[in-house]
Amino acid sequence: MESYSLSGKESLGIELGSTRIKAVLIDENCNPIASGSHTWENRFENGYWTYHTEDVWKGLQDAFSALNRETSEKFGSKIKRLSSIGFSAMMHGYLPFDENGNQLAEFRTWRNTTTAEASDELTSLFHFNIPQRWSIAHLYQAILNQEEHVRDIAYLTTLAGYVHWKLSGEKAVGIGEASGMFPIDSEINNYNEEMLEKFSALEAVQKYKWKIKDILPKVLLAGDNAGWLTKEGALLLDPSGELEAGALMCPPEGDAGTGMVATNSVSVKTGNVSAGTSIFAMVVLQNQLSQVYEEIDMVTTPTGKPVAMVHCNNCCTDLDYWVSVFGEFAKASGSALTKTQIYDLLYNKALEADADCGGLVNYNYFSGEPVAHLQGGRPFFARTLNARFNLANFMRAQIYSTMATLKIGMEILEKENVQLECLMGHGGLFKTPVVGQRLMAGAWNTPVAVMETAGEGGAWGIAVLAAYAFSDNGKPLEDYLNEKVFSKYQSSVIHPYAEDVDGFKEFMKLYKKGLAVQKSAADNL
């Protein structure tokens, strides 16, 4: 790859994740050729988990600058021209603006569990599950709270939609991202008209001069032209002025949509699990579910196919803290183990454990978990009186806790007889080979595959969507991915071990009993 020269035909994908903003540059054949990243963290301010918009731009510029440093080192030049660009971000949340483009309230992220009242009322009104993190739930809760800024809203978008708007001037989002703002009708690939009318007819909503369908972004499908990078947008991304305007921009998508692309899970009967700061599973459905479930979000693929999504707010954060403690011990002992080596050592220790964790249980809740019907969270570890307390069981309990809440939601899909041939795994939980993959296969009793590309993640996924939009070849996205992108990549598949399946079932019995303790901890600590 060192002999490669930048031609201006490359595509760029940038994803704003919960803890990292990552930029990936790909060539004409969708191969990743360079990357850059920026680390950031959410803040808890005025009762909301949020990120400041100035941090958004600082982070984007830093990630792009890091990407440029790598391209300079590898190819002898910085990025001047691009064929296409795509932006992705953590899904949903709330970013309202007035008619002059002024931000009216803090960015309220997916992590907030402050919209229970609105979520319940809208779910009942629509006969369709409206999760707490969806944009419409945040908007209606702000209405119920009688927040003054609501009257001035002229545009409501998500983080990905916001960045796209500022760089292209276009108020649009991809259909997968749109499906986390307001329910989608997959027959027309647009917002559900009946539900728009029901929302507008609410007495509390009629007080405002705006109409819901006028303040939401335009809905676009994968492959659509979503605008072009403007001169102002190019300077926002690259203040040095070297990046030229004019690159085609694909519809911005959420991290769920880019995860589907990055794992080639956009066809019926395919599914993927993204396991990082949060964890969620996406399963592309053959048929609609038989009823409404508050634990299941109905969203879409980037082309509008119905998808059952189980989203949990907490995954690897608590596990990372525990690994950090072991890292401190290793350093204090004089060990030269690297962070990666510590992770690998501890993860592999989990494979030596009792399949049911020997009476140990862990709760990784830093925030509330709607799937578990808990409004608040406090991380804690517990053990039964006769527990077999050792390092192996401790680490397996930590890893099991990252997927236990997701299992509660997946059990609903099992009862619905949703067919799933294989789950594609991606995210930090799978960085150590085999361990997370094997334990998850046991948890779901389903084969779990991890591709060579799993480490590239959503930033690569949105770069591929950008390349797809630029290709203009008329092929369905599924065919484009199968033929152009994934035909050259290998994947490793692990089938469930019987002892892991049985062991996880026993662990879940203890885990569900202990949820009452978790509720008490959140209420009293």
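This is a conversation about salt bridges, backbone angles and one sheet in a predicted model.

Visitor: Why is the contact between Lys-349 and Glu-352 called a salt bridge?
Guide: The rule asks for a side-chain nitrogen of Lys or Arg within 4 Å of a carboxyl oxygen of Asp or Glu. In this pair the closest N and O atoms are 3.0 Å apart, so Lys-349 and Glu-352 satisfy the rule and form a salt bridge.

Visitor: How many salt bridges does this rule give?
Guide: The count comes to 21 salt bridges.

Visitor: How do you know whether Lys-349 is buried or exposed, and what of Glu-352?
Guide: Buried means under 20% relative accessible area and exposed over 50%, with partly exposed in between. Lys-349 has a relative accessibility of 28%, which lies between those limits, and therefore counts as partly exposed. Glu-352, at 54%, passes the upper limit and therefore counts as exposed.

Visitor: What makes Asp-356 and Arg-388 a salt bridge, and which parts of the chain does the pair tie together?
Guide: Their closest N and O atoms are 3.7 Å apart, which is within the 4 Å of the rule, so this pair is a salt bridge as well. Asp-356 lies in the loop between α11 (339-349) and β19 (360-363), while Arg-388 lies in the loop between β20 (380-383) and α12 (391-415), so the pair ties together parts that are 32 residues apart in sequence. Asp-356, with a relative accessible area of 28%, is partly exposed, and Arg-388, with 43%, is partly exposed too.

Visitor: How do you know that Lys-512 and Glu-411 form a salt bridge, and where do the two residues lie?
Guide: The closest N and O atoms of Lys-512 and Glu-411 are 3.0 Å apart, and the limit is 4 Å, so the pair meets the rule. This salt bridge links distant parts of the chain, with Lys-512 in helix α16 (residues 498-524) and Glu-411 in helix α12, 101 residues apart. Lys-512 counts as partly exposed, at 38% relative accessibility. Elsewhere, salt bridges that share partners join Arg-43, Glu-45 and Asp-55 into one network.

Visitor: What is said of phi in Asn-46, and why is Asn-46 called exposed?
Guide: Phi of Asn-46 is near 55°, a positive value in a residue other than glycine. Asn-46 lies in the loop between β4 (43-45) and β5 (48-50), and its relative accessible area of 71% is over 50%, so the residue is called exposed. Gln-146, in the loop between α3 (135-144) and β8 (155-157), also has a positive phi, of about 55°, although it is not a glycine. With a relative accessible area of 65%, Gln-146 is over the 50% limit and is therefore exposed.

Visitor: Why are β17 and β23 said to stand at the edges of their sheet?
Guide: The open sheet has 7 strands in the order β17-β18-β16-β15-β21-β22-β23, with mixed pairing. β17 (297-300) and β23 (491-494) each have a single partner strand, so one side of each is left without a neighbour in the sheet. Neighbouring strands of this sheet are turned by 30° against each other on average, direction ignored.

Visitor: What makes β17 and β18 a pair?
Guide: Two strands pair if there are at least two bridges between them, and β17 and β18 (residues 306-312) have 4 in the antiparallel sense, so they count as paired. One of the bridge partners is Met-309 in β18, which faces Asp-297 as its bridge partner.

Methods: Residues numbered from 1 in each chain as written. Predicted model: local features only at pLDDT ≥ 70, side-chain atom pairs only at ≥ 80, totals over all residues. Heavy atoms only, no water. Buried < 20%, exposed > 50% of the residue type's maximum accessible area, 1.4 Å probe, protein only. Axes fitted to C-alpha atoms, helices over the stretch in contact; angles between N-to-C directions.
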